[in-house]
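Trainee: Could you take me through one spot in this model up close? After that, I'd like to see how other parts of the chain look by the same sort of reading.

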Amino acid sequence: MFGRSRSWVGGGHGKAARSIHSLDHLKMSSGQTQFPEAMPRSWLQYMYHVLTKNTTVTDHNRNLLVETIRSITEILIWGDQNDSSVFDFFLEKNMFVFFLNILRQKSGRYVCVQLLQTLNILFENISHETSLYYLLSNNYVNSIIVHKFDFSDEEIMAYYISFLKTLSLKLNNHTVHFFYNEHTNDFALYTEAIKFFNHPESMVRIAVRTITLNVYKVDNQPMLHYIRDKTAVPYFSNLVWFIGSHVIELDNCVQTDEEHRNRGKLSDLVAEHLDHLHYLNDILIINCEFLNDVLTDHLLNRLFLPLYVYSLVNQDKGGERPKISLQVSLYLLSQVFLIIHYAPLVNSLAEVILNGDLSVFSSKVEQDVQKNSAKSSIRCFIKPTETLERSLEINKQKGKKRVQKRPNYKNVGEEDEEERGSEDNQDDLDKTKGTEASSKSIRTSSENEEIEMVIMERCKLSELPISTVTEQNTTDEEKSAAASGNEITNWNRPFLDMVYNALDCAEDDYYALFVLCLLYAMSHNKGIDPVKLERIQLPAQHAEERNSYNHVLAEGLIRIMNYAAQPDGKIRLATLELGCLLLKQLVFSRNNSIIKDVHLACLEGAREESVHLLRRFYKGEEIFLDMFEDEYRSMTIKPMNVEYLMMDASILLPPTGTPLTGIDFVKRLPCGDVERTRRAIRVFFMLRSLSLHLQDEPETQLPLTREGDLIKADDVLDLNNSDLIACTVITKDGGQVQRFLAVDIYQMSLVEPDVARLGWGVVKFAGLLQDMQVTGVEDDSRALNIIIHKPASSPHSKPFPILQATFIFSDHIRCIIAKQRLAKGRIQARRMKMQRIAVLLDLPVQPSTEIMGFGHSSSATAQHLPFRFYDQSRRGSSDPTVQRSVFASVDKVPGFAVAQCINQHNPSPLSSPSPSSGSGSTGRCDSVAANSASAPSAAQSPSGLFGIKLKWKYF
């Protein structure tokens, strides 16, 4: 729609050569038009001569006029940057009149499109204020704005709204006077733009929002008062109705799409509602007080309360009031609190939800009965009596004043009609006090504005008794009872009761997820007064220190966790994670847990259930270990973002268990044994983390592989008494390097000798054995193909190889040994991790030294590492080990790099701590190889680990 016109490039109708006035003859250099030696003013004079000779648009001169307008635009842009006399001539000859004359001749879409396009380019590229004032003077731009274009043509509509948006970007305290005529009370740029607020093309609606925001940001009080008095109520009332109609359409889509067939349309509707909320929030954060008052009044009394909140407890579709489904209502309210933080709005809305009842939707309060008809309602979602365009026209005719013209300012839309020099304000007052019969006639927008403001003030007064509830010295139990609504009072809080009841997830968590999102959004909203949340003991994000919490809400959250830990639980992972976040926020005060013992015991019961659930899926298969580590990695890398969750339209549909819908795994139920295993793992992680957090205990057993404990590139290792295999590494791109292969309990490393310290090596590559694939090469018995994959960030991501190379050894014996050692190391590494998982699940494990490095504390020193690290900064020639050979034991079978544990008090290489010996390691072996307890180490026997007595030397 906003694409460039083909005629802009081609010159029009297949014309082979351009006329002499075309700027093709002008050379372009450094991004600026370079004119010949003749003065640019002479060129502009020639263009002026062309316009004077072609005042009437015909089929013969249409292309000539379009090209002339384009050339004038380029000359003006050049003059703005280089020569101010160009604009002097343009203003002197009043050349803008020709543009208007061409438009008024109904010359067709081709000319209109080109004219709007060139004007848009002109105003975009003008940089000097003086030049801009020249173009805006004499009111010709306003005349173009109010011109009746054929807006049914998409291209004309696109360039017209782009032209208005470009003009709005030029608005400031000085230029606003060229658009807003205070004497005639007219603002064409704004009033013409807002007429397209509900245009079917989304790009047009977005442009209208940009224009209005640019107007509201100008701090010009007369202009802002004009907007408030003449346009605010018509515009906001129609905008609110448009948003509400869109919401009803969204609800209908949810109701009729239980089979997930129209998710594309539903996603578009949700995205449009988010755009509306962000636009409303952008208006509110401009902080124009009287505009915010009008907008807040309309949002509360015409949309949020009568449509969103009223639908929470009234699902009977037979009533007179329009309603939406409960899940849509909760979903949209959560979006409101996540996006909008304007305090008067969110406080009033939260007050009704947490403390209000259905009386807020009754007929007019007694104070307003004498003011207006009793039939009307304070809060009702109703269609405006007049369209926006009609309301603006009525206001324009009503508020028009006859004044003298200002110099160089033509009154737009002047029709030589006589009006009184001043209007009696008493006439407007009398109209608002008319009888019931006269109220059936057309009500002006100014009257509506006056009534709405009165209603808003009365509503604020009516909320005072609720907001001024006296605080008493009560016990924790009494506070909890008051928060749950069970206090022996006359309060009736149906909306809060609905919130508590929706936490019951015995059948599914369809509504519970939305309730949790709503509570989270309210507690994290910066505009809500914490006192309002404290009445139900829902702490804000940065609440004061307290010693009690909402027991009813806490029990509801723990109940969700119990359901999630059941084998047949219907709780989605997103619901469980959000419940854990809320429970942490609920029972923590200044980083101290205040949870009751009974609630903690119930939570521990849920954690035990999750352990029993995961035991069902514990297997010796490789896929379980991969899923275990992948799920932990995914959960820690991508924690829940509630804002993103509430942008997803798929959660509006009933929970489904099939992945064919494309819904993310955490937002649906599992399907098949693999997904049930993934879900059980996630539930275990979440409840374990929550339990440790509430008891202020550190996590010492997860993750199974800690990045800080792994060997990394450029580490310097002590390789004395370690088995090494010399090899040539041929990478995928053809590069060849000489390296030594060393195998640790969890990793394989490629090292090269450290030239400054004998017996030490520098790591050039290190990878996990469990992620390695080793295959032989058919035509070469001395070579192996080795691929090591990077751990995937998600179960669905494609593995990415961090090493893919061919290893060539000296002979086939070394190749066989290396292949066996790598394969055995991979199996051993996976077996040890599976045993560590068994310990986490309280499963019996074999008493073996194979499970090494378990429970390693963060304060581990170098003696717990498989190799001895050497600090490069302390390398010196005075070290006595410098004179030692790089590889002292040359007569050992190469293959496995024995992990030596340096212990000054017990230097025996066979010493091996048991798993229960205190501090362990989560990342590496703490002592010798897994089978070193039953077989002599390679350091003691030249026959090595395979019983083959060979003597090789490394060169």
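Does Thr73 count as buried or exposed, going by its relative accessibility?

Mentor: Thr73 has 6% relative accessibility, so it counts as buried. Buried here means under 20% relative accessible area, exposed means over 50%, and partly exposed is in between, with a 1.4 Å probe and protein chains only. Before going further, some housekeeping: this is a predicted model, where local features need pLDDT of at least 70 and side-chain atom pairs count only at pLDDT 80 or more, while totals for chains, interfaces and linings use all residues. Residues are numbered from 1 along each chain as its sequence is written, and side-chain values use heavy atoms, with hydrogens and water left out.

Back to your residue. Thr73 sits in helix α3, residues 62-82. Helices are DSSP runs of H or I with at least four residues, strands are runs of E with at least two, and both are numbered from the N terminus. If you skip the neighbours within four places in sequence, Thr73 is in contact with Thr118 and Leu122, contact meaning heavy atoms within 4.5 Å.

For the wider setting, the protein chain has 30 helices and 15 strands. Of its 955 residues, 53% count as buried. Take the contacts in the chain with a separation of 6 or more: 73% of them come from residues 24 or more positions apart.

Let's look at another threonine. Thr296 belongs to helix α14, residues 289-309, and its relative accessibility of 6% makes it buried. The side chain of Thr296 has a polar atom 2.7 Å from the backbone oxygen of Asn292. That is a polar contact: a pair of N or O atoms within 3.5 Å, where within protein one must be able to donate a hydrogen and the other to accept it, and residues adjacent in sequence count only if both atoms are side-chain atoms. Beyond the neighbours within four places, Thr296 is in contact with Leu284, Tyr342 and Leu345. Thr296 also lies 9.5 Å from Val346, C-alpha to C-alpha, though 50 residues separate the two in sequence.

Val346 leads us to a helix pair. Two packed helices are described by the angle between their axes and the distance between the axes. Helix α15 (residues 326-339) and helix α16 (residues 343-355) have axes that come within 11 Å and cross at roughly 145°. Those axes are lines fitted to C-alpha atoms, for helices over the stretch in contact, and the angles run from 0 to 180 degrees between N-to-C directions. The crossing of α15 and α16 is left-handed, that is, the near helix is turned anticlockwise from the far one by less than a right angle (clockwise would be right-handed). On the α15 side the meeting residues are Leu333, Val336 and Phe337, and on the α16 side Val346, Leu349, Ala350 and Ile353. By class, that contact has seven nonpolar, no polar and no charged residues. Nonpolar covers Ala, Val, Leu, Ile, Met, Phe, Trp, Tyr, Cys and Pro, charged covers Asp, Glu, Lys and Arg, and the others, Gly among them, are polar.

Now a second pair: α24 (residues 551-564) and α25 (residues 573-587) pack at about 145°, with axes 10 Å apart. Their crossing is left-handed. From α24, the residues taking part include Leu553, Ala554 and Leu557, and they meet a set in α25 that includes Thr575, Leu576 and Gly579. This contact divides into twelve nonpolar, two polar and no charged residues.

For a single helix seen on its own, try α9 (residues 154-169): it has 16 residues and spans 23 Å from first C-alpha to last, close to the expected 22 Å at 1.5 Å a residue. The expected span is 1.5 Å times one less than the number of residues. Because 13 of its 16 residues are buried, α9 is largely enclosed by the rest of the structure. At the N-terminal end, Asp153 caps α9 through a side-chain oxygen 2.9 Å from the backbone nitrogen of Glu155.

One more buried side chain and then the backbone. His276, in helix α13 (residues 263-285), has 2% relative accessibility and so counts as buried. Not counting residues up to four places away, His276 touches Arg209, Phe242, Ile243 and His246. As for backbone oddities, Asn138 has a positive phi near 65° in the loop between α7 and α8. Finally, the peptide bond from Leu702 to Pro703 is cis, with omega near -5°, and Pro703 lies in the loop between α29 and β7.
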